[in-house]
Amino acid sequence: MRVLVVEDEGRVASFIAKGLVGAGFAAEVVGTGAEAVRRTLEGAADIVLLDVGLPDIDGFTALAEIRTVDQATPVIMLTARGDVSSRVRGLELGADDYLPKPFDFEELLARIRARLRQPRQPESFVLTSGDLELDLRTRQARRAELLVDLTSREFALLEFFLRHEGQVLSRTQILNAVWGYDFDPGSNVVDVYVGYLRSKLDAGATSVIETVRGGGYRLRGRSTAGS
Ligand code: CA
């Protein structure tokens, strides 16, 4: 499988390309949006990793140009951490997924493999679990049809839970994914924000987020709902 890596920072690009080759992919690196569009439309890639910050046209413009012709090649956008408006814009323009920088390489591989397995699903902007729904475009959550407004951080946290439905997530995993690696690992910010989400989402019903003793937290999946 051929991955087109669109990244103008040479060090980052070669790190990604080496890792991909080590994982059995073929990797081609380009450093501008124009080359990204050209190579994608030439059919050079099975999947595209597209950085937002590029020296000529930005990643969004490149994506829009690609999608006017090619709606099929999966595109994963690389966005700044916590930049919710970038993600939303990327998804609206036809990105299949996004990954906040800096990212864990294993997570990048997992996202690439997941995208190559699934056919493109343009309507997958809504993540659901039981009676819980999160719309990635509007950033609105619903529980049992009731609308719940979330802050950016609450949105990112709930999204992380929904993408890992049913899995036990340690505080450290959550902290790294939602707040970034440089955040103080002794902080109780995860517990505080889980508390915010519960108070907004639960409204007297069974909590969607379960505390796992000694482990962390788990979003109750369909199989664990009501247990
Ligand atoms: Ca860049």
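**Two sheets, their helices and a calcium site**

Helices α6 and α8 pack against each other at an angle of about 85°, and their axes lie 10 Å apart. An angle from 65 to 115 degrees counts as roughly perpendicular, and α6 and α8 are therefore roughly perpendicular to each other. On the α6 side the contact is made by R153, E154, L157, L158 and F161, and on the α8 side by Y193, V194, Y196, L197, K200 and L201. By class, the residues of this contact of α6 with α8 comprise 8 nonpolar and 3 charged, with no polar ones. The model described here is predicted.

The two helices also share a sheet. Three strands form this open sheet, in the order β10-β12-β11, with antiparallel pairing. Strands β10 (168-169) and β11 (209-212) stand at the edges with a single partner strand each, so one side of each has no neighbour in the sheet. The pairing of β10 with β12 (residues 216-219) is antiparallel and runs over 2 bridges. Within this pairing, L169 stands opposite Y217 of β12. Helix α6 (residues 152-163) lies across β10, β11 and β12 and runs at about 70° to β12. Helix α8 (residues 189-201) packs on the sheet as well, where it touches β11 and β12, and its direction makes about 145° with that of β11.

The other sheet is built from parallel strands. Here 5 strands form an open sheet in the order β2-β1-β3-β4-β5. Its edges are β2 (26-30) and β5 (97-101); each has a single partner strand, so one side of each is left without a neighbour in the sheet. From one strand to the next, the twist averages 20°. Strands β1 (residues 2-6) and β3 (residues 47-51) run parallel and are joined by 4 bridges. In this pair, L4 stands opposite V48 of β3.

Helices pack on this sheet too. Helix α1 (residues 10-22) touches β1, β2, β3 and β4 (75-80), and its direction makes about 165° with that of β2. Helix α5 (residues 105-117) touches β3, β4 and β5, with a direction at about 175° to that of β5. Angles over 145 degrees count as roughly antiparallel, so α1 is roughly antiparallel to β2, and α5 is roughly antiparallel to β5.

A calcium ion is bound by residues that include one from β3. The ion is coordinated by D8 (OD), D51 (OD) and G53 (O), at 2.1 to 2.4 Å. Along the chain these donors follow the spacing D-x42-D-x1-G. D8 and D51 link distant parts of the chain: D8 lies in the loop between β1 and α1, D51 lies in strand β3, and the two are 43 residues apart. Buried means under 20% relative accessible area. D51, with a relative accessible area of 3%, is therefore buried. D8, at 34% relative accessibility, counts as partly exposed.

Burial can also be followed along helix α4. In this helix (residues 84-93), the buried residues are V84, S86, R87, V88, G90 and L91. The elements that cover them include α3 (59-69), β4, β5 and α6. The cover thus includes β4 and β5 together with α6; β4 and β5 belong to the parallel sheet, while α6 lies across the strands of the antiparallel one. Just after α4, G94 takes a positive phi of about 110°.

Some further backbone features fall in loops. The peptide bond from K101 to P102 is cis, with omega near -5°, and P102 is found in the loop between β5 and α5. Two residues other than glycine have positive phi values: for R139 phi is near 65°, and for E145 phi is near 75°. R139 is found in the loop between β7 (132-135) and β8 (141-143). The place of E145 is in the loop between β8 and β9 (146-148). With a relative accessible area of 26%, R139 is partly exposed, whereas E145 is exposed, with a relative accessible area of 62%.

How values were computed. Residues numbered from 1 in each chain as written. Predicted model: local features only at pLDDT ≥ 70, side-chain atom pairs only at ≥ 80, totals over all residues. Heavy atoms only, no water. Pairing = 2+ DSSP bridges. Contact = heavy atoms within 4.5 Å. Axes fitted to C-alpha atoms, helices over the stretch in contact; angles between N-to-C directions. Parallel < 35°, antiparallel > 145°, perpendicular 65-115°, else oblique. Nonpolar A, V, L, I, M, F, W, Y, C, P; charged D, E, K, R; others polar. Donors = N, O, S within 2.8 Å, 3.2 Å for Na, K, Ca; no water. Buried < 20%, exposed > 50% of the residue type's maximum accessible area, 1.4 Å probe, protein only.
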